[in-house]
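Reader: Got a minute to go through this one with me? Put it up and I'll start asking.

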Amino acid sequence: MAADQPEKAADHLAGALAHAPALPEVHEVLGRLAARPGGGLDLFRAGPHASPGRLAARAHLLAAAGRPEDGLPLLAAASGQAPIGDWAGIPWVAEPALGVRIDPGLLAQVLMRLCTRVGEPAPPTLRPYLTVARHAVAAYPEHAMLLGAGSALARRVGEHELAVDWAARGSRVRPSKLGEIWLGYAYRSAGRLPEALAALRRAVAHDPDDLSVYADIAGTLADNGRLDDALSWVDRALERDPDYDCAVHTAHRLRHRADGDLMHLVRLADYIRDHPDESHEHTDLADCCRDTSWLSGIPASASLPRGHAPASDEPGDEAVRRLRQVAALSWAHPPAAYDAALPLIMVSPADLMALLAHPPADVAAAEIWACLGLLHQRPEEPWLDSERRRMLLGLVDGAADRVTEAALFALIVAAWIDPSARADVAEVVTARLTEVAQRPGARSFAELALATPALDVPTRQLAAAMTRVPALPRQRGRSRLLLRWRRG
């Protein structure tokens, strides 16, 4: 600023705000900008791709210009992008006059947008917005949308009784589906299940065609141990629309919870693949796969011996770089592991084989990802006659080691993403499980079998029994580590 370079000064200020949104020194310099002709607003444009720092800077300059009601939506947008930042922890947000000056309908929209960007519970950095809502509710006590949106924010920051009070007042002022939903969520967060269900049922009465409420009721019932009642609500929703995404996701999740059948999750994966344009993002498949061996990552049990692959050359640097780019010990679910390995489509089969033969020591689960890379080779070929199937089958034979384990997992992922591969992969997994049933390393193959779609009941029961056999700690021999199993 001393060198009359305000644009550069603005860049530095936006960056400083990103690191310390409430730092007094930053606001002191902003005050100097505000004293310039035009208040410095021309230096901080609020476009659709503006950074949180720039949005916050413009908000503070608007407040300095006597327009805090115009600045608050920008500040809330910054909080929506980076919720853990203390963007609103500054004096002008806490002024009671702001809650009076800002239009209550606009504030309700600001709070609703903010709530859609943050989870529950929300970080305490959002509490200043609740202060604005308190002042606004005091000034506009009969504004139903403000009461409902304020309830949603209060619920997220842990003010459950306030959330119930505001939502109840809003639903009395203007009975509506949305008001009852807000009230139901507030009751649910407060642990008042009967009242929550009653409110959500009233929401259904307002709009029987809003199937998302059916799914909410089902989820609430299931979370409180009433699985049969939950499934009945899911069935009611599916009778109205068999393809409604919220109902389908909830149905598969709850049915898997009821009987543990893996095929519920496989069918959900099929649905997700066939319906890429869903109404919003769902996490049901990832939630059901979480903490399950191979469905969400490599088991924590001791690893198998390294294994061998038919390659003698070292992998190229580009192949190793791409492997490092994707490799991890966990994934959301098997189709997500397949998607994560997509960059390996640029690695040749020869280099992927070289990665299997010479796995880089600093790459997590190198064999797993190299085999997933093989699964991406020539994906247009029909499964049974495909080159990717031939290569993976060639790696599955042999002793139980990291290469055979990785190849078997890649085949299982193929079964998840391609229904035409399921019967074939299930047959391969059954044969391999039978071969290794009494050998060291059998437990890993059993865990893989339990992650396999379309496996017959006897094989699944055998695999389950094998995983229940406790493993003894590793013993050090004179030449190598042996994994000893107690047979039951």
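Reader: Start with the largest pocket. How many nonpolar, polar and charged residues are in its lining?
Author: The model is predicted, to say that up front. The lining has 13 charged, 11 nonpolar and 10 polar residues.

Reader: Which residues lie nearest the centre of that pocket?
Author: Arg 156, Tyr 185, Arg 188, Asp 216 and His 280. The whole lining comes to 34 residues.

Reader: And which elements give two or more residues to the lining?
Author: Six helices are worth clicking through: α7, α9 (144-156), α11 (177-189), α13 (211-223), α15 (245-259) and α17 (284-289).

Reader: What volume does the largest pocket have?
Author: About 1,400 Å³.

Reader: Zoom out. How many helices and strands are there in the chain?
Author: The chain has 26 helices and 2 strands. Its C-alpha atoms fill a box of roughly 75 × 65 × 45 Å along the principal axes.

Reader: What share of the residues is buried?
Author: 50% of the 488 residues in the chain.

Reader: OK, cores. Which residues have the most contacts inside the largest nonpolar core?
Author: Leu 356, Ile 368, Trp 369, Leu 372, Leu 395 and Trp 416. That core has 73 residues.

Reader: Which helix gives the most to this core?
Author: Helix α23, residues 402-417. It gives 12 residues. Another core lies apart from the largest one. That other core has 64 residues, among them Leu 41, Leu 72, Leu 153 and Ala 196.

Reader: Why would nonpolar side chains be buried together?
Author: That is a general tendency in soluble globular proteins.

Reader: New topic, backbone oddities. Where is there a cis peptide bond?
Author: From Glu 120 to Pro 121, with omega near 5 degrees. Pro 121 sits in the loop between α7 (104-117) and α8 (127-139). As a rule, most peptide bonds are trans.

Reader: Which residue has a positive phi although it is not a glycine?
Author: Ala 365 does, at about 50 degrees. Arg 378 also has a positive phi of about 50 degrees. Most residues other than glycine have a negative phi.

Reader: Where do they lie, starting with Ala 365?
Author: Ala 365 is in the loop between α20 (349-357) and α21 (366-375). Arg 378 is in the loop between α21 and α22 (387-396).

Reader: Is Ala 365 buried or exposed?
Author: Buried, because its relative accessibility is 17% and the cut-off is under 20%. Arg 378 is partly exposed, at 46%.

Reader: Now α16. What is its span from first C-alpha to last?
Author: Helix α16 reaches 19 Å over its 13 residues, 262-274. That is close to the 18 Å expected.

Reader: Which of its residues are buried?
Author: Leu 262, Met 263, His 264, Leu 265, Val 266, Leu 268, Ala 269, Asp 270 and Tyr 271.

Reader: And what does Asp 261 reach at the start of α16?
Author: The backbone nitrogen of Met 263. A side-chain oxygen of Asp 261 comes to within 3.0 Å of that atom.

Reader: Last one, Leu 61. Where is it, and is it buried or exposed?
Author: Leu 61 is in helix α3, residues 52-64. It counts as buried, with a relative accessible area of 2%.

Reader: How far apart are Leu 61 and Pro 128 in space?
Author: 18 Å, C-alpha to C-alpha. In sequence, Leu 61 and Pro 128 are 67 residues apart.

Key. Residues are numbered from 1 along each chain as its sequence is written. This is a predicted model: local features need pLDDT of at least 70, side-chain atom pairs count only at pLDDT 80 or more; totals for chains, interfaces and linings use all residues. Side-chain values use heavy atoms; hydrogens and water are left out. Helices (H or I, at least four residues) and strands (E, at least two) are DSSP runs, numbered from the N terminus. Buried means under 20% relative accessible area, exposed over 50%, partly exposed in between (1.4 Å probe, protein chains only). The expected span of a helix is 1.5 Å times one less than its number of residues. A polar contact is a pair of N or O atoms within 3.5 Å; within protein, one must be able to donate a hydrogen and the other to accept it, and residues adjacent in sequence count only if both atoms are side-chain atoms. On a 1 Å grid over the protein atoms alone, a cavity is a set of points where a 1.4 Å probe fits but cannot get out, and a pocket is an open set with protein on both sides within 12 Å along at least five of seven lines; lining residues have an atom within 4 Å of a point. Grid points are joined across faces, edges and corners, and a volume is the space filled by probe spheres set on the points. Ala, Val, Leu, Ile, Met, Phe, Trp, Tyr, Cys and Pro count as nonpolar, Asp, Glu, Lys and Arg as charged, and the others, Gly among them, as polar. A nonpolar core is a set of buried Ala, Val, Leu, Ile, Met, Phe, Trp, Tyr and Cys residues joined through side-chain atoms within 4.5 Å.
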